Amino acid sequence: MKSYRKELWFETKKRREFINITPLVEECVRESGIKEGLLLCNAMHITASVFINDDEPGLHKDFENFLEKLAPEKPYDQYYHNTYEDNADAHLKRTIMGREVVVAITDGKLDLGPWEQIFYGEFDGRRKKRVLVKIIGE
């Protein structure tokens, strides 16, 4: 069995963004040389997420609206966590959207559904953060 590991780094210009990272993850699969196996892709920061969904701008706006209703950024003083930070909402949003995805690799390709894409979700951006890609298989 072979193993592959790579870190992908992101620094968003805005506090919250969704970035389609599918092409970057596909490149990792090619680099790994693994034809059959499993890929783990996870955010390595507690205010960021990796998730799978459709790459449709209206849906991304719906995510933003949904998350903001569940965990509004402001007022900052509504959260116990925000005694010296202002990112409690980002922690909650990450919990809702999830930490990682696992995708099968079949015949050297990501085994995704017809509209599925892999996204990096940033909820407290404007600084460097990383995503881990780990692939095991043969």
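These legends go with a set of close-up views of a predicted model.

**View A. The five-stranded sheet, strand by strand.**
Here we're looking at an open sheet of five strands, ordered 1-8-3-5-6 and paired antiparallel. Strand 1 and strand 6 are the edge strands, and each of them pairs on one side only. Strand 1 is tied to strand 8 by nine bridges, with the two running antiparallel. To get your bearings on that pairing, pick out Arg 5, whose bridge partner in strand 8 is Lys 134.

**View B. Strand 3 and its two neighbours.**
Now zoom in on strand 3, which covers residues 37–43. On one pairing, strand 3 and strand 8 (residues 129–137) run antiparallel and are joined by seven bridges. Ala 43 is a handy marker there, as it stands opposite Val 131 in strand 8. On the other pairing, strand 3 meets strand 5 (residues 100–106), again in the antiparallel sense, over six bridges. Leu 39 finds its bridge partner in strand 5 at Val 103. Five of the seven residues of strand 3 are buried, so this strand is largely enclosed by the rest of the structure.

**View C. Helix 1 laid over the sheet.**
Helix 1 takes in residues 22–32. It lies across strand 1, strand 3, strand 5, strand 6 and strand 8. Relative to strand 1, helix 1 runs at about 150°. Follow the side chain of Val 25 for a feel of the contacts: leaving out residues up to four places away in sequence, Val 25 touches Leu 8, Leu 39, Cys 41, Leu 110 and Ile 118.

**View D. The largest nonpolar core.**
This one shows a core of 22 residues. Which members touch the most others? They are Ile 21, Val 25, Leu 39, Cys 41, Ile 118, Val 131 and Ile 135. Several elements give two or more residues to this core, including helix 1, strand 1 (2–10), strand 3 and strand 8. Strand 4, strand 5 and strand 7 are also on that list. There's a second, separate core as well, made of eight residues, among them Phe 51, Phe 63, Leu 67 and Phe 119.

**View E. Two cysteines that don't pair up.**
If you came looking for disulfides, the count for this structure is zero. Cys 28 has its closest cysteine sulfur in Cys 41, at 7.8 Å, which is too far for a bond; the cut-off applied to a sulfur pair is 2.5 Å. Seen from the other end, Cys 41 is in no disulfide either, with the sulfur of Cys 28 being the nearest one. Both side chains sit out of reach of solvent by the numbers: Cys 28 is buried at a relative accessible area of 1%, and Cys 41 is buried at 0%.

**View F. The three-stranded sheet.**
A second view of strands, this time an open sheet of three in the order 2-7-4, paired antiparallel. Strand 2 (17–20) and strand 4 (48–53) are at the edges with a single partner strand each, so one side of each has no neighbour in the sheet. From one strand to the next, the twist averages 30°. Strand 2 pairs with strand 7 (residues 117–122) in the antiparallel sense, using four bridges. Look for Phe 18, which stands opposite Gly 121 in strand 7.

**View G. A cis peptide bond in a loop.**
The bond to check is the one joining Lys 74 and Pro 75, which is cis with omega at about 0°. Pro 75 belongs to the loop between helix 2 (57–70) and helix 3 (88–97).

**View H. Two residues with positive phi.**
Where do these backbone oddities turn up? Asp 107 is in the loop between strand 5 and strand 6 (109–110), while Arg 126 is in the loop between strand 7 and strand 8. Asp 107 isn't a glycine, yet its phi is positive at about 55°. Arg 126 isn't a glycine either, and its phi is positive at about 75°. As for accessibility, Asp 107 is exposed, with a relative accessible area of 59%, whereas Arg 126 counts as partly exposed at 48%.

Technical notes:
Residues numbered from 1 in each chain as written. Predicted model: local features only at pLDDT ≥ 70, side-chain atom pairs only at ≥ 80, totals over all residues. Heavy atoms only, no water. Pairing = 2+ DSSP bridges. Axes fitted to C-alpha atoms, helices over the stretch in contact; angles between N-to-C directions. Buried < 20%, exposed > 50% of the residue type's maximum accessible area, 1.4 Å probe, protein only. Core = buried A, V, L, I, M, F, W, Y, C linked by side-chain atoms within 4.5 Å. Contact = heavy atoms within 4.5 Å.
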